[in-house]
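Q: Please take a close look at a single part of this model, and describe the surroundings of that part in enough detail that I can follow the account on the structure itself. A connected answer would suit me better than a list.

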Amino acid sequence: MPIRNILIVMFTTVIALIASIMPLPLSIDAFRPDWVLVVLVYWCLALPARVNVITAGFVGLLLDVLLGSILGVHMMAMAMAVYIIAGNFQKIRNFSVWQQSLIVGVLSALYHLIVFWMQRFLTDAVFLPSYLYPVITTIVLWPWAFLLLRKVRRHFRIT
């Protein structure tokens, strides 16, 4: 993989990390989509040999550091979500964007539940239904992110 392609994948991931830590008003912060998960799922579907569980683990660890959470919580959740995508990428690629959106929504719910379970195990976290609000916005975000990232991939001829 040429260095230019690696830099573009890294750039889109960094943009997603920045979007994940950008301050938002409290009224809409609960609905913040899982930007990093969406970007990693796209690149895992597009380039499964290059963006995989190890990449997701590393990016999840960066997210842990940026969010100030317990180290390894987001890393484990991100790696598990990308593992499911990496194992089924050939099937998921053949689905329509709307069907993929629902799969990404289920992965987002799994991601948030894994983060909650690990935080509950390590601290005294309490589950609130609002904890799963980002799943809704992630489902809505997927078609737009998919089209944008596909356009980037085709424009720069990333293979």
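A: Arg 157 is exposed, because its relative accessible area is 67%, above the 50% cut-off for that class. The model in which this residue is seen is a predicted one, and Arg 157 is placed in the segment that follows helix α8, which covers residues 133-155. The backbone of Arg 157 has a positive phi of about 55°, although the residue is not a glycine.

From this exposed residue the account can move to the fold as a whole. The protein has 8 helices and 0 strands, and along the sequence the order of elements reads α-α-α-α-α-α-α-α. The C-alpha trace spans about 45 × 30 × 30 Å along its principal axes. The radius of gyration is 15 Å, which agrees with the value near 15 Å that a compact globule of 159 residues would have. Of the 159 residues, 42% are buried, and among the contacts with a separation of 6 or more, 67% join residues that are 24 or more positions apart.

The part that repays a close look is the surroundings of Asp 34, a residue in the loop between α2 (26-29) and α3 (35-46). Asp 34 is buried and yet has no salt bridge, the nearest side chain of opposite charge being that of Arg 32 at 8.1 Å. Side chains of opposite charge can pair when their charged atoms come close. A salt bridge needs a side-chain nitrogen within 4 Å of a carboxyl oxygen, so the 8.1 Å between Asp 34 and Arg 32 falls outside that limit. What the side chain of Asp 34 does make is a polar contact of 2.9 Å with the side chain of His 112. Setting aside residues up to four places away in sequence, Asp 34 also touches Ser 108, Tyr 111, Pro 134 and Thr 138, in addition to His 112 itself.

Arg 32 is engaged elsewhere: it forms a salt bridge with Asp 29, with the closest N and O atoms 2.7 Å apart, and the structure holds 1 salt bridge in total. The partners of this bridge fall into separate classes of accessibility. Arg 32 is buried because its relative accessible area is 15%, which is under the 20% cut-off, whereas Asp 29 has 31% and therefore counts as partly exposed.

Tyr 111, one of the residues touched by Asp 34, leads on to a further polar contact, since its side chain and that of His 74 are joined at 2.7 Å. His 74 lies in helix α5, residues 73-87, and is buried, as its relative accessible area of 9% shows. Leaving aside neighbours within four places in sequence, the residues in contact with His 74 are Gly 60, Leu 63, Asp 64, Leu 67, Ser 69, Tyr 111 and Val 115. Tyr 111 thus appears among the contacts of Asp 34 and among those of His 74.

Leu 110 belongs to helix α7, which runs over residues 97-122. At 27% relative accessible area, Leu 110 is partly exposed. The C-alpha atoms of Leu 110 and Ala 81 are 7.4 Å apart in space, although 29 residues separate them in sequence.

Aromatic rings add a last element to the picture. The count of aromatic pairs comes to 7. One of them joins Tyr 42 and Trp 43, whose ring centres are 5.2 Å apart and whose planes stand at 75°, so that the pair is edge-to-face. Another is that of Phe 127 with Tyr 131, likewise edge-to-face, at 6.3 Å centre to centre and 70° between the planes. Tyr 42 is buried at 2% relative accessible area and Trp 43 is buried at 0%, whereas Phe 127 is partly exposed at 36% and Tyr 131 is partly exposed at 25%. Ring pairs also link Tyr 42 and Trp 43 with Trp 142 and Phe 146 into a cluster.

To return to the loop residue, Asp 34 is buried without a salt bridge, and its side chain is in polar contact with that of His 112.

Technical notes: Residues numbered from 1 in each chain as written. Predicted model: local features only at pLDDT ≥ 70, side-chain atom pairs only at ≥ 80, totals over all residues. Heavy atoms only, no water. Helix = DSSP H or I, 4+ residues; strand = E, 2+ residues; numbered from the N terminus. Buried < 20%, exposed > 50% of the residue type's maximum accessible area, 1.4 Å probe, protein only. Lys, Arg positive; Asp, Glu negative; His and termini not counted. Polar contact = N/O pair within 3.5 Å; in protein donor to acceptor, adjacent residues only side chain to side chain. Contact = heavy atoms within 4.5 Å. Phe/Tyr/Trp six-rings, centres within 6.5 Å; stacked < 30°, edge-to-face > 60°. Rg over C-alpha atoms; globule rule 2.2 N^0.38 Å.
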